[in-house]
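Student: Got a minute to walk me through how this fold is put together? I'd like to go through the sheets and then the helix packing.
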Amino acid sequence: MIPRIEIDADSGFCFGVVTAIRKAEEELHETGSLYCLGDIVHNSSEVHRLCDKGLRTITHDELAYLRDVKVLLRAHGEPPSTYAMASERNIEIIDATCPVVLRLQNRIKSAYLAGRKLSRPPLIIIYGKVGHAEVNGLVGQTDGTAVVVQSIDDLDNINLDGDVLLYSQTTKSLAGFNEIVAEIERRKKDGGTFRYLDTICRRVAGRIPRIRLFAAGHEVVLFVSGRKSSNGKALFEECRKVNARSYFISGPEEISPEWIDGARTIGIAGATSTPGWLMEDVRDTLLEISGKNKI
């Protein structure tokens, strides 16, 4: 019996990634060459596809040696220092910063500049992953003075006596953010204010309850994602919480036939950085394996 195979309709690129890839493809179609600062998306298959079209991924160190070229800034966003460097070297920026991220950058920068006028500026805290591209861009809005926390334990090393402003990386979980808020409120001493702004992208946060339902509705789930994707790792763990037969793969070549042995329903899901064509390739491979094994 051939199993019923379903691709999660909510999986795949978020609108920020869609925009970045569209801008890259438009430029590549016109000129055949474009630099991108960092992987355009945390999915090696999609990066390789665009590389074949002429996209070249560079690091910040490599950017410092370029001049008179076009460079795409991906959806994660960049700190002000990147724009300054590009201007100094006559580099044309194709800015694909996600609008949600850009709005957050502007809010943090405004709060930072307003705080500099005070005798005791508020402490700006960002809930996010240390070293993540988006977080680096957010910290850059404060000239590097913002403090990044990944968990409640990180608050142990922070002085919360004064005024505190809390923001969040747009792709973090709402539950995690609320835990940080509650813990700061619990620890906060008299004499200072605490304000926080929920800046989590609902397109990403809303995926968690939906992917749980999707994973629970299938006997086997194949989660397709790049190994670098934080969003992919988090969503895969949500799948595993409700379905022990959930497997993380980067592409169809990683499928083990024994995973789907006897399964009547198979679900295919992915991160916000997973291209739709890759999930379709996984589906086609599953159909081929199922046909050969006649399960």
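Tutor: Sure, terms before anything else: two strands pair if DSSP finds at least two bridges between them. Helices (H or I, at least four residues) and strands (E, at least two) are DSSP runs, numbered from the N terminus. Keep in mind that this is a predicted model, where local features need pLDDT of at least 70, side-chain atom pairs count only at pLDDT 80 or more, and totals for chains, interfaces and linings use all residues. Residues are numbered from 1 along each chain as its sequence is written, and side-chain values use heavy atoms, with hydrogens and water left out.

Student: OK. Take the sheet with strands 2, 3, 4 and 5: what's the strand order?
Tutor: The order is 3-2-4-5, in an open sheet with parallel pairing. Strand 3 (55-58) and strand 5 (92-95) are at the edges with a single partner strand each, so one side of each has no neighbour in the sheet.

Student: What does the twist average from one strand to the next?
Tutor: The average is 35°. For angles in general here, axes are lines fitted to C-alpha atoms, for helices over the stretch in contact, and angles run from 0 to 180 degrees between N-to-C directions.

Student: And which helix packs on that sheet?
Tutor: Helix 4 (residues 80-88), which touches strand 2 (34-37), strand 4 and strand 5. Its direction makes about 145° with that of strand 5. Contact means heavy atoms within 4.5 Å.

Student: How many bridges join strand 4 to strand 5?
Tutor: Four, and strand 4 (residues 70-73) runs parallel to strand 5. Lys70 has Glu92 as its bridge partner in strand 5, and Leu73 stands opposite Asp95.

Student: What do strand 4, helix 4 and strand 5 make together?
Tutor: A right-handed β-α-β unit. Right-handed here means that, with the strands pointing away from the viewer, the path from the first strand over the helix to the second runs clockwise.

Student: Switching to the sheet that has strand 1 in it. What's the order there?
Tutor: 1-12-10-11, again an open sheet of four strands with parallel pairing. Strand 1 (4-7) and strand 11 are the edge strands, each with a single partner, so each has one side without a neighbour in the sheet. Neighbouring strands are turned by 20° against each other on average, direction ignored.

Student: Which helices sit on it, and at what angles?
Tutor: Helix 9 packs on the sheet, touching strand 1, strand 10 and strand 12, and its direction makes about 160° with that of strand 12. Helix 10 lies across strand 10, strand 11 and strand 12, at about 160° to strand 11.

Student: How is strand 10 paired?
Tutor: Strand 10 (residues 220-224) has four bridges to strand 11 (residues 246-249), running parallel, with Val221 opposite Ser246. Five bridges join strand 10 to strand 12 (residues 265-270), also parallel, and Val224 stands opposite Gly270 there. Strand 10, helix 10 and strand 11 make a right-handed β-α-β unit.

Student: Now helix 9 against helix 10. At what angle do their axes cross?
Tutor: Roughly 45°, with the axes of helix 9 (residues 207-216) and helix 10 (residues 230-242) coming within 8 Å. That makes helix 9 oblique to helix 10. The cut-offs: angles under 35 degrees count as roughly parallel, over 145 as roughly antiparallel, 65 to 115 as roughly perpendicular and the rest as oblique.

Student: Left-handed or right-handed crossing?
Tutor: Right-handed. A crossing is left-handed if the near helix is turned anticlockwise from the far one by less than a right angle, and right-handed if clockwise. Residues in the contact include Ile208 and Ile211 of helix 9 and Leu235 and Val242 of helix 10.

Student: What about helix 1 and helix 2?
Tutor: The axes of helix 1 (residues 15-31) and helix 2 (residues 44-51) come within 11 Å and cross at roughly 20°, and these helices are therefore roughly parallel to each other. Helix 1 passes helix 2 in a left-handed crossing. Ile21, Glu25 and Leu28 of helix 1 meet Glu46, Arg49 and Leu50 of helix 2.
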